[in-house]
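Take a moment with the model below. We will walk through a pocket first, then through some charged pairs.

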Amino acid sequence: MREGSGAAQRLAEGAALRDVLDTGDPAAWLELDEGARAEEWYWPPDVGAGWERAHGGRNLLAALAAGASLTDGRLALALCHRDGRVRHRALDRAAGRPELLPLVAVRCTDWAEPVRARARQRLTEALDAEAAARLAPLIRRLGDRHRGDFGLGLLGDVLRRAPRERLDPLLASTDRAVRRFAHRLAVETGTLSPAELARAAARDDDAVVQTLCAEAALAAVTQENAAEVLDPLLGARSPRARSAGVTALRRLGRPERAAGFLGDRSALVRACARYVVRQHGIDPLPWYRERCADPASPTLPPGAAIGLGECGERADAALLWPLLDHPVPGVRARAVAGLRTLDVTDVPRTRPMLDDPSPAVVGEATLALLPSAGSLPAPWLLRRLDPARPRWERVSAWRLLDAHGEAVRLRAAVALLDDPDVRLRARALPVLRRALRWGASSRSEPEVAGLLHRARAVLEGPAALPR
């Protein structure tokens, strides 16, 4: 609101609207509308008799009715005025001034019904295809307000009749809500071809747009256009888009292509690929076993290791254990994950993976060892909190210590009280505060009592850490 108040002050002093606001930024208009009502504005002497004080509203209302000359900036302030009669009269003066159309759109959600009705009439008269494309980000944001549905409906009506080139900038907008709105319109009106929809699903980073466009593209896929629709989806970075493309292979009768995604890096895509091949009578398990049979294969996809764990049997662990020594970190990490998925736990064989140079491998090994954390030596884990060690190893050690037991957890938390890593320290503080608040069940033990005493001295002393 501070920016809006400053902009309003400059407009009251006679500054031009474009010199004060970024007129292409929806937030700037909303801040002006809010900021202009936050202060009592005094108009400079050059405005003329009767304008010395705008806040009262009566003089300003009379001047508007009399047709007094106003700059765009001062009329913008009138459109944001506290007095509904001033806003209502200013809407008549805004006709034919497209630079003020954003504030007309704002007034379409006004709490005062006469103001709202007049603003909606003015917006309906002025909103053509060009203005709709320009105001779409603001109207889309206003659509989230109470009474914001009118603007959205009008925007949709105008853009449905607009030429394709008016919609294109909205389809590529940096505003996610605008892109969603534009793609919904494009799907509804058939503006985009199936191939264009597929490319949009593959390119956009928003899950809603990905799903909307992928579903629309696949609804129109045929044997004739399959390549131009499926290729962008199957090559997309997004698992959501790839999984949609893989699932479509079932309807098109192409299980052999789906088999190529059994080792995909995404669990969702792997599951879709298994579904497709099974629908065509193919068991995916032999495919996984064959890929994992050579523990030194440089071409082994990491997804094959976890895929074997997802659909294999406990006996398949024999194929996964050798993969813990694979030269590719991704394969090692997925092999650990596959063993965990098969519920095959071997603490002595998994524990060395905590020293793996790959953070991903250490993370998977930590997950696998959490249920058996109590069997790991507490002193050894505490030494792994040393600030000289890589951060991912320290995080792993904390997670395992946290699952170890009350006394060990407190010891680890106290050790992190003055740790240079802010995020690790933030993990330890709640443990200590809970122990101090509720007491520890084993506080009679000398070690626990001493730990709580030290924690209290740090947390409640003169230099207490921020809560």
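Which helices each supply at least two residues of the lining of the largest pocket? They are α7 (101-107), α8 (113-126) and α9 (129-142). Keep in mind that this is a predicted model.

Stay with that pocket. About 230 Å³ of space lies in it. Its lining consists of 14 residues. Look for G96, R97, P98, L101 and A126, which lie nearest the centre of the pocket. What kinds of residue make up the lining? The count is 7 nonpolar, 1 polar and 6 charged. How can empty space be found at all? Rolling a probe the size of a water molecule over the atoms shows where such space is left.

Now turn to the charged pairs. The whole structure holds 33 salt bridges. Three of them are worth finding on the model.

Start with R107 and D110. These two residues form a salt bridge, and their closest N and O atoms are 2.7 Å apart. Is R107 buried or exposed? R107 has a relative accessible area of 5%, so it counts as buried. D110 is also buried, because its relative accessible area is 4%, under the 20% cut-off.

Next, find E196 and R164. They form a salt bridge too, with the closest N and O atoms 3.2 Å apart. This pair links distant parts of the chain. E196 sits in helix α13 (residues 194-203), while R164 sits in helix α11 (residues 164-171). The two are 32 residues apart. How open are they to the surroundings of the protein? E196 has 25% relative accessibility, so it counts as partly exposed. R164 is partly exposed as well, at 31%.

The third pair is D421 and R391. In this salt bridge the closest N and O atoms are 2.7 Å apart. Again, distant parts of the chain are linked. D421 lies in the loop between α27 (406-415) and α28 (422-438). R391 belongs to helix α26 (residues 391-402), and 30 residues separate the pair. Here the two partners fall into separate classes of accessibility. D421 is buried, because its relative accessibility is 14%. R391, at 28%, counts as partly exposed.

One last step takes us back to R107 and D110. Salt bridges that share partners join D33, R87, R107 and D110 into one network. Trace those four residues on the model, and the buried pair R107 and D110 appears as part of that network.

How values were computed: Residues are numbered from 1 along each chain as its sequence is written. This is a predicted model: local features need pLDDT of at least 70, side-chain atom pairs count only at pLDDT 80 or more; totals for chains, interfaces and linings use all residues. Side-chain values use heavy atoms; hydrogens and water are left out. On a 1 Å grid over the protein atoms alone, a cavity is a set of points where a 1.4 Å probe fits but cannot get out, and a pocket is an open set with protein on both sides within 12 Å along at least five of seven lines; lining residues have an atom within 4 Å of a point. Grid points are joined across faces, edges and corners, and a volume is the space filled by probe spheres set on the points. Helices (H or I, at least four residues) and strands (E, at least two) are DSSP runs, numbered from the N terminus. Ala, Val, Leu, Ile, Met, Phe, Trp, Tyr, Cys and Pro count as nonpolar, Asp, Glu, Lys and Arg as charged, and the others, Gly among them, as polar. A salt bridge is a side-chain nitrogen of Lys or Arg within 4 Å of a carboxyl oxygen of Asp or Glu. Buried means under 20% relative accessible area, exposed over 50%, partly exposed in between (1.4 Å probe, protein chains only).
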